[in-house]
Amino acid sequence: MNLKYLRIPLAGALSGLGLLLVGCASQPTPQPGDPHFAPVVMPSVPPVPATNGSLFSERSAMQLFSDQKANRIGDLVTVVLSEQTVSNKSANVEVSKESDISLPSPTVFGAPVTIGGNTLATSVSAERDFTGEADAAQSNSLRGNITVTVMDVWPNGTLVIRGEKWMTLNRGAELIRISGLVRPDDVSSDNEVLSTKIANAQITYTGTGELASSQTMGFMSRFFNSGYWPF
C-alpha cells in the first residue's frame, strides 16, 4: 500500500480530532466537600488549671470592653457580598491595500523583445479590503452573605479567610466560594466584612444542574467562537 495516499486522510482525521477536543474542552464541574475550602478544625484541648490558683483562663476569657470579632484561627466571619461590574467594549477595524506592478518589455538594440509577435511587457494589480466590527457589553452583580473560616493569621494580624456555601435547589445546586486576605480593622462590630475590602479576593459563583447547563454553549458553539476558528 502506498503510504502517500494515507497522508492526506490521516492528517485530516488528526486535525478534526484536535478541533473536536478544542470544542469539548470545558471547565471542570465543582464538587462539594473540597478539602481546600474545608473549615479549620481546632483540637479540643481541656482548659489547663492555672498553677497560681487564679480562675482566669485565656481560652475561656471574654472581652467585656471590645467587640467579639474574628481574630484567631478557626473563628468565623461573615462576608457581605457587594460586587458589581460593568464593562463595554467596541472595536472597528478597516484595512485597505492596493498594489500595482508594471514591467516594461526589454529591448535589444533598440527593438523590443517579442515572442510570437507579443511583447514581454506585463503588469499586475491587486486590491484587498478588510472590515471588522465587534461590540461587547457585560454586567454582573453579586449580592448576599457567606460565613467563612479564618484559616491563618499572619504576624501583622492579617486574616486569611476561606470558605464555601452550597445551596441545593429543585433544579440543581448553586455554589459560592471565596478566599482572600482581610485586615482586622475592616471587620465591623457585627463581625462582618465587605467583599470589596478583601485583598487578593477570589470569588466564585457557579452552579450545577439543568439550569446551569442551559446557560452553557455546546462544544460546536465553543469551537466556532474560539480563537482556533480561522475565519
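Let me begin with strand β8, residues 172-182, where nine of the eleven residues are buried, so the strand is largely enclosed by the rest of the structure; buried here means under 20% relative accessible area, with a 1.4 Å probe and protein chains only. Strands are DSSP runs of E with at least two residues, numbered from the N terminus.

Before going further, I should say that this is a predicted model, in which local features need pLDDT of at least 70 and side-chain atom pairs count only at pLDDT 80 or more, while totals for chains, interfaces and linings use all residues. Residues are numbered from 1 along each chain as its sequence is written, and side-chain values use heavy atoms, leaving out hydrogens and water.

Now to the neighbours of β8, where I call two strands paired if DSSP finds at least two bridges between them. On one side there is strand β7, residues 159-169, which pairs with β8 in the antiparallel sense over eleven bridges; a hairpin of two residues connects β7 to β8, and Leu169 stands opposite Gly172 in β8. Strand β10, residues 199-208, also pairs with β8 in the antiparallel sense, over eight bridges, and Glu174 has Gly207 in β10 as its bridge partner.

Moving outward from β7, we come to strand β6, residues 122-153, which runs antiparallel to β7 and is joined to it by four bridges, with Asp152 bridged to Val160 in β7.

Taken together, these strands belong to an open sheet of six, in the order β9-β1-β6-β7-β8-β10, with mixed pairing. Its edge strands are β9, residues 192-194, and β10, each of which pairs on one side only.

Notes
Buried < 20%, exposed > 50% of the residue type's maximum accessible area, 1.4 Å probe, protein only.
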